[in-house]
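Visitor: I'm new to this one. Can you walk me through it?
Guide: Sure, have a look and ask away.
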Amino acid sequence: QPAEWDAIASPISIAFGDLDQSSTPENRTNIEEIFFEGNKTYQTSLYSNAEHGFAVRTNLSVPQKAFAQEGAYFQAVRWLDAWVKGDI
């Protein structure tokens with residue numbers, strides 16, 4: 001829901017999969033618009049041939065899916081390093 005996305009106050013990073021039915025192109029655009037208009041610190045990445053949950057479970061024998069999972073991992077590590085490191 002838009003109000004839930006708008007309520008996010010801390011920096012956020014999202015790895016979207018283009019096969020995830022819960023994050024349609026329209027939904028992704030709306031989420032990014034909410035972040036932009038709210039002057040929030042955010043990062044989004046879109047991975048092709050990636051289903052919901054691809055970052056934790058996917059078919060690693062498919063090169064695109066393996067790339068997406070690895071990319072989401074490095075995205076998370078870089079984001080945590082930039083925004084959380086030292087705060088724990």
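Visitor: What do the buried residues of H2 pack against?
Guide: This is a predicted model, to start with. In it, the buried residues of H2 pack against helix H1 (2–6), strand S1 (12–17) and strand S2 (42–47).

Visitor: Which residues in H2 are buried?
Guide: Arg 28, Ile 31, Ile 34 and Phe 35.

Visitor: Where do they fall, seen down the axis of H2?
Guide: Within an arc of 125°, so the buried residues line one face of the helix.

Visitor: And which residues are exposed on the other side of H2?
Guide: Pro 25, Glu 26, Phe 36 and Glu 37 are exposed there.

Visitor: How far apart are the end C-alpha atoms of H2?
Guide: They are 18 Å apart. The helix covers residues 25–37, which is 13 residues. At 1.5 Å a residue, the expected span is 18 Å, so the two values agree.

Visitor: What comes just after H2?
Guide: Asn 39 does, and its phi is positive, at about 55°.

Visitor: New topic. How many salt bridges does a search of the whole structure find?
Guide: One. The side chains of Glu 51 and Lys 65 form it, at 2.6 Å from N to O.

Visitor: Which parts does the pair tie together?
Guide: Glu 51 lies in the loop between S2 and H3, and Lys 65 lies in helix H3, so the pair ties together parts 14 residues apart in sequence. Helix H3 takes in residues 63–83.

Visitor: Is Lys 65 buried or exposed?
Guide: Buried. Its relative accessibility is 13%, and buried means under 20%, so Lys 65 qualifies.

Visitor: What about Glu 51, buried or partly exposed?
Guide: Glu 51 counts as partly exposed, because its relative accessibility is 22%.

Visitor: What lies 3.0 Å from a polar atom of the Lys 65 side chain?
Guide: The backbone oxygen of Asn 49.

Visitor: Which residues is Lys 65 in contact with, leaving aside neighbours within four places in sequence?
Guide: Leu 19, Asn 49, Glu 51, Thr 58 and Asn 59. So the Asn 49 and Glu 51 we just met are both on that list, because each has heavy atoms within 4.5 Å of Lys 65.

Visitor: Switching to rings. How many aromatic pairs turn up in a search of the whole structure?
Guide: Four. Take Tyr 47 and Phe 54 as one of them. Their ring centres are 5.5 Å apart and their planes are at 50°, so this pair is tilted.

Visitor: Are Tyr 47 and Phe 54 buried or exposed?
Guide: Tyr 47 is buried, with a relative accessible area of 10%. Phe 54 is buried too, at 3%.

Visitor: What about the rings of Tyr 73 and Phe 74, tilted or edge-to-face?
Guide: Edge-to-face, because their planes are at 70°. The cut-off for that label is over 60 degrees. The ring centres lie 5.2 Å apart.

Visitor: Is Tyr 73 buried or exposed?
Guide: Tyr 73 is exposed, with a relative accessible area of 52%. Its partner Phe 74 counts as partly exposed, at 44% relative accessibility.

Visitor: Last one. Which residues form an aromatic cluster?
Guide: Trp 5, Phe 35 and Tyr 42 form one. You have met Phe 35 already, as one of the buried residues in H2.

Notes: Residues numbered from 1 in each chain as written. Predicted model: local features only at pLDDT ≥ 70, side-chain atom pairs only at ≥ 80, totals over all residues. Heavy atoms only, no water. Phe/Tyr/Trp six-rings, centres within 6.5 Å; stacked < 30°, edge-to-face > 60°. Buried < 20%, exposed > 50% of the residue type's maximum accessible area, 1.4 Å probe, protein only. Helix = DSSP H or I, 4+ residues; strand = E, 2+ residues; numbered from the N terminus. Expected span 1.5 Å × (residues − 1). Arc of directions from axis to C-beta. Polar contact = N/O pair within 3.5 Å; in protein donor to acceptor, adjacent residues only side chain to side chain. Salt bridge = Lys/Arg side-chain N within 4 Å of Asp/Glu carboxyl O.
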